Amino acid sequence: MDEVKESKRRYARVNGFFPLLWEKVPDDQVEKEREHFFHKRDLIPHEPWDASGWLEQGEWEPEGSSERESRLDMVLTGIHVKLDLVLNLLMKKEVDPIYRTPPREVNISGAGLSLRVNEPFEKGAFYELKMLLPILPVRVIRALGRVARVSDKKTSGEDLGEVAFEFDTISEEDKEIIIHYTFKRQRELLREKRKRNQ
């Protein structure tokens, strides 16, 4: 793949709805976090989790599927999650709070993400990011993000700011999952637009 195509894939942006968590990394811990980033394992919940409800909130619509296929995908997701729950119980892992986090609107690409927030962020600061995209297989995406931009915006009478993170450290596999999601979501939005215009 040439550099132009790769750049287009990486920077293709889309608005989506999914759970997202962030936690500030202290300045003196950034290098250590980078070194140990790929040694961390994703945590799977060992408490009941309503996969169907979460998928519905995330504007879930499998690509090119009928309503029957959508239901089948949701059932398969439920089975996938239940198997993970059993394994998690056996391994006595802790629950990752991302599974209990409601979806929010996020603008995302393979290079980073931005969202509206009501808390202050400092440009150049580093955060550990976790997200749960509404795609199969269910997987917690992790990245070390650097605050690239902070701006103030007023929306619907509320004082909200916008923060943009660029991915400083992320696995290639997770980056590809994000890119896959952005193109899938773009196709969903195009289908919705065509339906409205009919």
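Begin by selecting Arg185, which in this predicted model is a buried residue with a relative accessible area of 4%. Because buried means under 20% relative accessible area, the value of 4% places Arg185 in that class. With Arg185 still selected, bring up Asn15 as well, and you will find that the backbone oxygen of Asn15 lies 3.1 Å from a polar atom of the Arg185 side chain.

Next, extend the selection to helix H5, in which Arg185 is found and which covers residues 172–197. How far apart are the end C-alpha atoms of H5? They are 38 Å apart, and this agrees with the span of 38 Å that the 26 residues of H5 should have at 1.5 Å a residue. If you then colour H5 by burial, the buried residues include Asp174, Lys175, Ile178, Tyr181 and Glu188, along with Arg185 itself.

From the helix, move to the strands, starting with E1 (residues 14–18) and E3 (residues 104–108), which pair in the antiparallel sense over five bridges. Selecting Phe17 shows one place where these strands meet, since its bridge partner in E3 is Glu105.

Follow E3 onward through a hairpin of three residues, which joins it to E4. Strand E4 (residues 112–117) runs antiparallel to E3, and two bridges join them; at Asn107, look across to Ser114 in E4, which stands opposite. Five of the six residues of E4 are buried, so this strand is largely enclosed by the rest of the structure.

Now select the largest nonpolar core, which has 25 residues, and look within it for those with the most contacts inside the core, namely Ile108, Leu113, Met131, Leu133, Phe165, Phe167 and Ile178. At least two residues of this core come from each of E1, E3, E4, strand E5 (126–132), strand E6 (140–155), strand E7 (158–169) and helix H5. In soluble globular proteins, nonpolar side chains tend to be buried together.

Finish at Phe167 and display what surrounds it: leaving aside residues up to four places away in sequence, Phe167 touches, among others, Gly110, Gly112, Leu113, Leu129, Met131, Ala143 and Ile178. Of these, Ile178 brings you back to helix H5, where it is listed with the buried residues.

How values were computed. Residues are numbered from 1 along each chain as its sequence is written. This is a predicted model: local features need pLDDT of at least 70, side-chain atom pairs count only at pLDDT 80 or more; totals for chains, interfaces and linings use all residues. Side-chain values use heavy atoms; hydrogens and water are left out. Two strands pair if DSSP finds at least two bridges between them. Helices (H or I, at least four residues) and strands (E, at least two) are DSSP runs, numbered from the N terminus. A nonpolar core is a set of buried Ala, Val, Leu, Ile, Met, Phe, Trp, Tyr and Cys residues joined through side-chain atoms within 4.5 Å. Buried means under 20% relative accessible area, exposed over 50%, partly exposed in between (1.4 Å probe, protein chains only). Contact means heavy atoms within 4.5 Å. A polar contact is a pair of N or O atoms within 3.5 Å; within protein, one must be able to donate a hydrogen and the other to accept it, and residues adjacent in sequence count only if both atoms are side-chain atoms. The expected span of a helix is 1.5 Å times one less than its number of residues.
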